[in-house]
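Visitor: Could we go through this one together, a few spots at a time?
Guide: Gladly; ask whatever you like once it is on screen.

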Amino acid sequence: MRFTGGKIVAPLAFSGSYSILAQCVQIKGTGRATVDLSFDASKQTVFGALNVEDVELEGVPPIVTALAVAFVRRAIAERLNPFPVLPVSQLAISLPVQQSGGNVKATVKDVRSEVQEGAVKLYLVYDFSAEKK
């Protein structure tokens, strides 16, 4: 993966078969995808979704190339999206407050991502609450 141009870019390699016009066509190739990140608060997880941008096929007859490319894009999206990237429940905080005899709890409310050259920054927004023992 590369972090460039404000995007997460991932190389792809794939192989498989597809039935086109009553013929089984072997599909093999490479491609490039970008990854979009999103946060699901109910699952307390950051998810990724691949957006296939470029597909290069090997040995596919030119007459069925457009169908095969569409199949590859759809198959990747259906089988892989969304995929878990980071369970943020690990980043929840619980701090004891001795004077009050309770705890301050912080759970992740939202996550925003920013892609920079060579890095991804995640900004977490916490929801704080008090808990008595």
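Visitor: Which residues does Thr45 touch, not counting residues up to four places away in sequence?
Guide: Bearing in mind that this is a predicted model, Thr45 touches Ser38, Phe39 and Asp40, and also Pro84, Leu86, Pro87 and Val88, once residues up to four places away in sequence are not counted.

Visitor: And is Thr45 buried or exposed?
Guide: Thr45 counts as buried, because its relative accessibility is 10% and the cut-off for buried is under 20%. Thr45 has its place in strand 4, which covers residues 45–58.

Visitor: What lies 2.8 Å from a polar atom of the side chain of Thr45?
Guide: That is the backbone oxygen of Lys43, at 2.8 Å from a polar atom of the Thr45 side chain.

Visitor: Switching to charges: how many salt bridges does the count come to?
Guide: The count comes to three salt bridges. In one of them the side chains of Arg32 and Glu53 meet at 3.0 Å, N to O, and this pair links distant parts of the chain, with Arg32 in strand 3 (residues 23–40) and Glu53 in strand 4, 21 residues apart.

Visitor: Which residues are linked with Arg32 in a network of salt bridges?
Guide: The network links Arg32, Glu53 and Asp54. The side chains of Asp54 and Arg32 meet at 3.1 Å, N to O, and because Asp54 lies in strand 4 and Arg32 in strand 3, the pair ties together parts that are 22 residues apart in sequence. As for accessibility, Arg32 is partly exposed at 30%, Glu53 is partly exposed at 26%, and Asp54 is partly exposed at 35%.

Visitor: Where do Glu78 and Arg74 lie?
Guide: Both lie in helix 1 (residues 65–80), four residues apart, which is about one turn of the helix. Their side chains meet in a salt bridge at 3.9 Å, N to O; Glu78 counts as exposed at 58% relative accessibility, whereas Arg74 counts as partly exposed at 42%.

Visitor: New topic, the hairpins. How many bridges join strand 6 to strand 7?
Guide: Five bridges join strand 6 (residues 93–97) to strand 7 (residues 102–116), and the two run antiparallel. Pro96 has Asn103 in strand 7 as its bridge partner. The hairpin has four residues between its strands, and Gly101 in the turn has a positive phi of about 70 degrees.

Visitor: And what about strand 7 with strand 8?
Guide: Those two also run antiparallel, with 14 bridges joining strand 7 to strand 8 (residues 119–132), and the bridge partner of Gly102 in strand 8 is Lys132. Two residues lie between the strands of this hairpin, where Gly118 in the turn has a positive phi of about 80 degrees.

Note on methods: Residues are numbered from 1 along each chain as its sequence is written. Side-chain values use heavy atoms; hydrogens and water are left out. Buried means under 20% relative accessible area, exposed over 50%, partly exposed in between (1.4 Å probe, protein chains only). A polar contact is a pair of N or O atoms within 3.5 Å; within protein, one must be able to donate a hydrogen and the other to accept it, and residues adjacent in sequence count only if both atoms are side-chain atoms. Contact means heavy atoms within 4.5 Å. Two strands pair if DSSP finds at least two bridges between them. A salt bridge is a side-chain nitrogen of Lys or Arg within 4 Å of a carboxyl oxygen of Asp or Glu.
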